[in-house]
Amino acid sequence: MPHGTPDEETTDHPHIPKVLTSATQSPDFIPPKEVIFPPYLLNVPLNPHGPTEIPQKTVLDYSRPDIAYKWKEYLPHKTLTLELPLSPYEHVDPASQADPEKKALFAILNERKDLTPCIGTEVLGVQLSQLSDIQKDELALYVAERGVVIFRKQNFVHQGAQWLKEYGSYFGRLHVHQWAVHVKDHPELDVVFRDSDSSYWSSTSAGTLNTTKWHSDMTYELNPPGTTFLCSLTVPKCGGDTLYLSAMEAFDRLSPTMQRFLEGLQALHVGINQYTIPSATNFVRRPPIDTVHPVVRRHPVTGRKALWVNPKYVTKILGLRKEESDNLLAFLFDHMQKGLDFHTRVKWEEDTVAVYDNRMVQHSALLDYPLEPRHLIRVTPQAERVSF
C-alpha cells in the first residue's frame, strides 16, 4: 500500500489512494497579458482560463503522423500555470517494513553484480513491474544500502504514465518540479529530452570546461526526494552516461574530528537558481523557497550518515563567516568530486531503470554526445524532512 498522506487522490476506492501527488489544481488560473515564450518551447495559443500545456521544441515534428517514434506519449511539455507552495508531507519509508535480509527480493534476482564495493549494483532477470509490496519494501532498503541499483531490459515505462505514477506513489508522495518539463497532463513525471546541440540542455554548461554538475535532486525542498526511478527511453550510441557518488562513503572517509564538527552544522539550500530563468518568461509553477538542512543527514532506516551539501543548491553554512563557509564548502565539494573510489556510472541502454536513493547519493548527467536523441523519464517520490 502507498506510504504517506496524499494531497490529491486518484482511486476507485476512497480509502486506498493510488496516486500521491504534490500537484495542486489551478483551474481558475488566467495567463498574464504578456507571456514571453522561452526559445526552447513552441509558441502556441494559450488557454484563456486555466493552465496550458506547451510542447518543447524538437528537431523533428513528432506531431506529424508520418514521423514514427514509439515514445510520443512521453515527449516533454511545460505547463503555464501558478500553484501554491508544496505542503508539508509526513513520510513513512517503505524500507522500514523490509526484511533486513531482503529474502523475498533476492529470491527472484537471477543475477546481480556490484559495480564497485561501496556504490552501485546491476541486476538482470527481474521486472520491477512484477514486484510484490514486500519486494518493493526490500527494494527501497536495497537501494538505500547500495546507493543506486540498475535494472536492465525493463518493461517499466511500457506500462504507461498513470501506472508509473501509481507505482512511484508506493515509495512516497510524487514531487512536481517548479519548472522542469514533464509528460503532458502528468506533471509528476519529469522528462529529460535532448535531441540537438542547440537545445536548452546544451546551454546549461555554457562557459564551463566540462558538463559535470554534481547534485542531489531538489534539496531546497522541505521534503527532498528519496527512492527515485530514472528510466531510459532513447539513448545515444555512446555517451550520455549518468555519474553517481556515495555521500555515505564520502562522510565515512572524513576524520572523526571533522565528522563531529560537521554534525553540528546547518546549510542553506536555495531554489532561486532553478527559478530565475523560467521566472523571466512566466514559466514557473510556484515561487522558489530556501530551506535550512543539516550538513550531515541520517537515513531513517539504515542509520547511515551522508554529507548533505552540493554545489548546485547550497550557498552557505550557517553560523560561519563567509570565508569560513566558502572554504569549508569548497573542501567538501572537492572531496566528494575527487573520490573516484566511491563513484560509479550508469551506461544507459534502452529500457534501463536506475533506482537511486537521492538522500544518500549525488549524481551528474554528462552532455558529451553529439546530435543523437537522449530521452529519459524520472519518477520522483518525496521522502522525510531532513534530520540528523
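Two strands pair if DSSP finds at least two bridges between them. In this predicted model, one open sheet has 3 strands in the order 11-10-14, with antiparallel pairing. Strand 11 (290-294) and strand 14 (314-317) each have a single partner strand, so one side of each is left without a neighbour in the sheet. On average, neighbouring strands of this sheet are turned by 30 degrees against each other, direction ignored. Strand 10 (residues 266-270) and strand 14 run antiparallel and are joined by 3 bridges. His269 stands opposite Val314 in strand 14.

Another open sheet is built from 10 strands. Their order is 1-2-6-7-18-8-16-5-4-3, and the pairing is mixed. At the edges are strand 1 (52-55) and strand 3 (111-114), each of which pairs on one side only. Strand 4 (residues 121-124) pairs with strand 5 (residues 148-151) in the parallel sense, over 3 bridges. Glu122 has Ile150 in strand 5 as its bridge partner.

Two helices that pack on this sheet come next. Helix 2 (residues 133-146) touches strand 3, strand 4, strand 5, strand 8 (227-234) and strand 16 (353-357). The direction of helix 2 makes about 120 degrees with that of strand 5. Helix 3 (residues 161-169) also packs on the sheet, where it touches strand 7 (186-194), strand 8 and strand 18 (374-379). The direction of helix 3 makes about 110 degrees with that of strand 7.

The last feature is a pocket. The second largest pocket has a volume of about 320 Å³. Its lining consists of 20 residues, and Thr24, Gln25, Asp185, Pro187 and Arg285 lie nearest its centre. By type, the lining of this pocket divides into 5 nonpolar, 8 polar and 7 charged residues.

Definitions and conventions
Residues numbered from 1 in each chain as written. Predicted model: local features only at pLDDT ≥ 70, side-chain atom pairs only at ≥ 80, totals over all residues. Heavy atoms only, no water. Helix = DSSP H or I, 4+ residues; strand = E, 2+ residues; numbered from the N terminus. Contact = heavy atoms within 4.5 Å. Axes fitted to C-alpha atoms, helices over the stretch in contact; angles between N-to-C directions. 1 Å grid on protein atoms, 1.4 Å probe; cavity = no way out; pocket = protein on both sides within 12 Å on 5 of 7 lines; lining within 4 Å. Points joined across faces, edges and corners; volume = space filled by probe spheres on them. Nonpolar A, V, L, I, M, F, W, Y, C, P; charged D, E, K, R; others polar.
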